[in-house]
Amino acid sequence: MVTVLPTPPKVGMVSLGCPKALVDSERILTKLRADGYGLSPDYAGADVVLVNTCGFLDSAKEESLEAIGEALAENGRVIVTGCLGQEAEMIRARFPKVLAISGAHQYEAVVGAVHEAAPMPVNAFLNLVPESGLKLTPRHYSYLKISEGCNHRCSFCIIPSIRGDLVSRRPDAVLREAEKLVAAGTRELLVISQDTSAYGVDIKHEPRQWRGRGVRAHMTDLARELGSLGAWVRLHYVYPYPHVDHVIPLMAQGLVTPYLDIPFQHAAPSVLRAMKRPANEAKVLERIHRWRSICPDIAIRSTFVVGFPGETEADFQYLIDWLEEAQLDRVGAFRFEPVQGAAANALPDPVPEAVKEDRYARLMELTARISAEKLAAKIGRTLDVIIDEVDDDGGATGRSQADAPEIDGNVFLRDAGGLVQGDIVPVLVEDADDHDLFGVPA
């Protein structure tokens, strides 16, 4: 007798925003796949479409609203989740046909909404999913979220009102997830949170048993243990608390990728105070110099805001001089943009848009020059490179340890036949431009 199994419903996903939102999307899809749902790569094949939104900046909100509108127009059955879900009334007013709305990392609410909108048929065949879960990134690198929320109250940011205060995951749970990811082929673990340096503060750094020994819920302990798994370990969103100094030796030992993503935001003390951020920029410069003496290959990336309310030309020049001294390897910049609900909106002395543009251009010109000089100094060196893409003409695109995916530069390879995605190979650097390196497998 032949038994014909019913076809399970399919779910489509539009994932917007930062890597933390991407991890949320992966967890939602993993749970739905484990429940037996199929996945659709397009609107036409989906029984319901999930839109995981971003609500950090007004421009990101508008992008999210456009995505919701497009999904409704193309499919008609849409569930909204993510940061913008905090503004459910606004979404309902604009899109009354949306089936359900939930906020950031409300996994059970999303999955429940899908079950209600597209119920599983009786006795549907449930496919097993990999232990590592379903991923929206390539197989060879994975984002590893270690906490939710944030205890800071920066005047320009509404993340705590959206995602709440810091909630750290147990270290043994993080390490088990990382171990499964590495076993499934991950070669690079990208550690993310709102504030990686604060990991474990909320649970008083309580230790948990891992491989027969106690591991504290602390950034240093976690980095050391992750480094034992055999993959690159890249730390993102690291506030420069004093204990960050203890991670630098792990980088010098090769346990952790020599890379720190530190959101400095500015350097001028008056602007940092207005932002409600620490204003000890001189000590930070001393520490950066000390870090480089311990681990000469450390790459430091950061982001900065220009045109913050009250920022004077003297403040901006202070930032430019600080950057000249700091010689950061990778720098991104944003023009200040009011965000609904942020305290910074009420600050006096807004900076004119034309001035913002001028300062943005000057900052990017400086940081491009610094980047070009630093990359030129790597010509002739042999660097380890992880391969992201391989083409049919013998070329390949990869990244050095100084480059995070989708954020920093690339290493473009010639004569790379035989390499496959995820390989980590030594590459002789032959040339460089402002942001990228060019080389050949050594």
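Which helix gives the largest share of the lining of the second largest cavity? Helix α7, residues 219-226, supplies that share, with four residues. The model shown here is predicted, and this cavity is a good place to enter it.

The second largest cavity has a volume of about 40 Å³. Its wall is made by Ile 146, Val 191, Thr 196, Met 219, Leu 222, Ala 223, Leu 226 and Leu 235. By class, seven of these lining residues are nonpolar and one is polar. None of them is charged.

How many cavities of 30 Å³ or more does the whole structure hold? The search finds three. In the largest cavity there is about 50 Å³ of space. Asp 329, Arg 330, Ser 371, Lys 374, Leu 375, Lys 378 and Ala 402 line the largest cavity. Here helix α12, residues 353-376, takes the largest share of the lining, with three residues. The classes read two nonpolar, one polar and four charged. Set that beside the second largest cavity, where no lining residue is charged. Such spaces come to light in a simple way: a probe the size of a water molecule, rolled over the atoms, shows where empty space is left.

Now turn to a pocket. The second largest pocket has a volume of about 390 Å³. It is lined by 17 residues. Asp 297, Lys 378, Arg 381, Leu 383 and Ala 402 lie nearest its centre. Lys 378 and Ala 402 have come up before, as lining residues of the largest cavity. Strand β16, residues 382-390, gives the most to the lining of this pocket, with three residues. By class, the pocket lining divides into seven nonpolar, three polar and seven charged residues.

Next come the aromatic rings. The whole structure has eight aromatic pairs. One of them joins Phe 264 and Phe 304. Two values describe a pair of rings: the distance of the centres and the angle of the planes. For Phe 264 and Phe 304 the centres are 6.3 Å apart, and the planes stand at 25°. The pair is stacked. Why does this pair tie together parts that are 40 residues apart in sequence? Phe 264 lies in the loop between β13 (259-261) and α9 (269-275), while Phe 304 lies in strand β14 (residues 299-306), so the contact links those two parts. Are the two rings' residues buried or exposed? Both Phe 264 and Phe 304 are buried.

Other rings gather elsewhere. Phe 156, Phe 308 and Phe 336 form one aromatic cluster. Two more rings have an arginine over the face. Arg 335 lies over the face of Tyr 360, at 3.7 Å from the ring centre. Arg 399 does so over Tyr 141, at 5.4 Å from the ring centre.

Finally, look at a sheet. Five strands form an open sheet, with parallel pairing. Their order is β2-β1-β3-β4-β5. Which strands are the edges? They are β2 (38-39) and β5 (100-101), and each pairs on one side only. Follow β5 to its partner. Strand β4, residues 78-82, pairs with β5 in the parallel sense over two bridges. In one of the bridges to β5, Ile 79 has Ala 100 as its partner.

Technical notes. Residues numbered from 1 in each chain as written. Predicted model: local features only at pLDDT ≥ 70, side-chain atom pairs only at ≥ 80, totals over all residues. Heavy atoms only, no water. 1 Å grid on protein atoms, 1.4 Å probe; cavity = no way out; pocket = protein on both sides within 12 Å on 5 of 7 lines; lining within 4 Å. Points joined across faces, edges and corners; volume = space filled by probe spheres on them. Nonpolar A, V, L, I, M, F, W, Y, C, P; charged D, E, K, R; others polar. Phe/Tyr/Trp six-rings, centres within 6.5 Å; stacked < 30°, edge-to-face > 60°. Buried < 20%, exposed > 50% of the residue type's maximum accessible area, 1.4 Å probe, protein only. Lys NZ or Arg CZ within 6 Å of the ring centre and 35° of its normal. Pairing = 2+ DSSP bridges.
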